[in-house]
Amino acid sequence: MSCVPTALILHKPVSHMNGLLRSQTILSRNIVQGSSSRFTRINRAISRAFQNAAPTPRSPPLVFAFDIDGVLIRGSRVLPAAKRALAMLEGDNPMRVKIPYILITNGGGSSEEDRCLRLTKQLGFDIKPTQFIQAHTILKSIVEEYAETPVLVLGGKYDMVRRVAKGYGFQKAYTTLDVHAWNPSVWPFHELSDAERATTQHVDFATTPISAIFVFHDPRNWSLDVQVICDVIQSGGVIGGPYIPVSEQLKERKIDLVFCNPDLVWRGEFERPRLGQGAFREAFQAVYKALTGTTYPYVQHGKPTESTYKFAQKVLSDRLQELLGHRPQNIPQVYMVGDNPESDIAGANAAKWSSILVRTGVYDPSFGPSPHTPTYEAEDVEEAVKWAINREMSKS
Ligand code: G3P
Ligand code: MG
């Protein structure tokens, strides 16, 4: 009996299900010439290996990009469909492959590493920083230009965004709480709490000109923050310094103003959508216009901006390389699952991704159709994932 090929086949790591199938056929042909009980034993061994073989990373026919608030989580609550959806992507699907996915949120306020640890705990699946994008992650790609210059970072709790900014490489990142600690009369209607004061840095803003303002996350004290942004812009960077003419203020790159999240509203725990960073931007612009007669030019990142979707495309390609061991020539069909037509659907459509709008967040069909037409509308993220997998399976 010519069994040599058998032994080789068994020990050789089989890379593809097809590979396994092929070896099984070769083996059974070889063995038929020998004793049947041995055939059954080996056959059983191979099919056991077949069954136990973890889904192997082969170039998947599709990949997902998930929004977080209103899709996977609402406030502190994990949506039940989220765990079922992620289980499907981990291999529990008709294709028996792991389907890669990334998370893209307009949220933020802590480091990617910290947020991934929290998400891993909440969702019960390992979420890595290499598959995670939050509103300000894109600032990592522009930090070099501002590394040494004093900048103002806004949003989030206490000095969390300063720590995030430092982690990105912003070495002189100051908060509006620092400004208030420096001179409380900047905004006399607020008194720093002990907790706030404990996070402030001692800075003399009369001699520390600010060159740029980054709104990382949703501001907690709109009035203080609007006041300080106006102070920086109207005084050409030196808070409390003489005002410069509006035409000077508006000069290109005088003071860069960057917003990371354009969401007017988002969905948290409360029954109705909540005001987001985009609403803060509108509030600032309304005050600035009332003061100067014009709005202030700014850079916008976050979904649906092209910059964020281009950044996400790169993160997806890197993630596929990480999983597959090689960079696929083309990224498979991307399915964006989101609850906000203005950010998730509009951005995905513009990026030529497939878009799935769910009804567990901002979007409420009782107010009429979505202003941005999704590829598909689903009750929740689980239905969205099932629909996309079936669609790709029916294609292939
Ligand atoms: O502040 C976060 C909010 O604007 C939306 O977050 O996850 O729905 O993009 P997300
Ligand atoms: Mg959302």
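Which helix is E196 found in? A few notes on that residue and on one strand, keeping in mind that this is a predicted model.

1. To take the opening question: E196 sits in helix α8, which covers residues 194-198.

2. E196 is buried, yet it has no salt bridge. If you go looking for a side chain of opposite charge, the nearest one belongs to R197, and that is 7.6 Å away. A salt bridge would need a side-chain nitrogen of Lys or Arg within 4 Å of a carboxyl oxygen, so R197 doesn't qualify.

3. What E196 does have is a polar contact with H190: their side chains are joined at 3.0 Å. H190 also turns up among the residues that E196 touches, along with Y158, L177 and E191, leaving aside residues up to four places away in sequence.

4. Now over to strand β1, residues 62-66. Five of its five residues are buried, so the strand is largely enclosed by the rest of the structure.

5. Side chains in a regular strand alternate between the two faces of the sheet. In β1, L62, F64 and F66 lie on one side, with V63 and A65 on the other, and both faces are covered.

6. Which strands does β1 pair with? One is β13 (residues 333-338), which runs parallel to β1 and is joined to it by five bridges. To find your way around that pairing, start at L62, whose bridge partner in β13 is Q333.

7. The other pairing to look at is with β4 (residues 101-104), again in the parallel sense, over three bridges. Here A65 of β1 stands opposite I102.

Key: Residues are numbered from 1 along each chain as its sequence is written. Chains are lettered from A and ligands numbered from 1 in the order in which they are written. This is a predicted model: local features need pLDDT of at least 70, side-chain atom pairs count only at pLDDT 80 or more; totals for chains, interfaces and linings use all residues. Side-chain values use heavy atoms; hydrogens and water are left out. Helices (H or I, at least four residues) and strands (E, at least two) are DSSP runs, numbered from the N terminus. Buried means under 20% relative accessible area, exposed over 50%, partly exposed in between (1.4 Å probe, protein chains only). Lys and Arg count as positive and Asp and Glu as negative; His and the chain ends are not counted. A polar contact is a pair of N or O atoms within 3.5 Å; within protein, one must be able to donate a hydrogen and the other to accept it, and residues adjacent in sequence count only if both atoms are side-chain atoms. Contact means heavy atoms within 4.5 Å. Two strands pair if DSSP finds at least two bridges between them.
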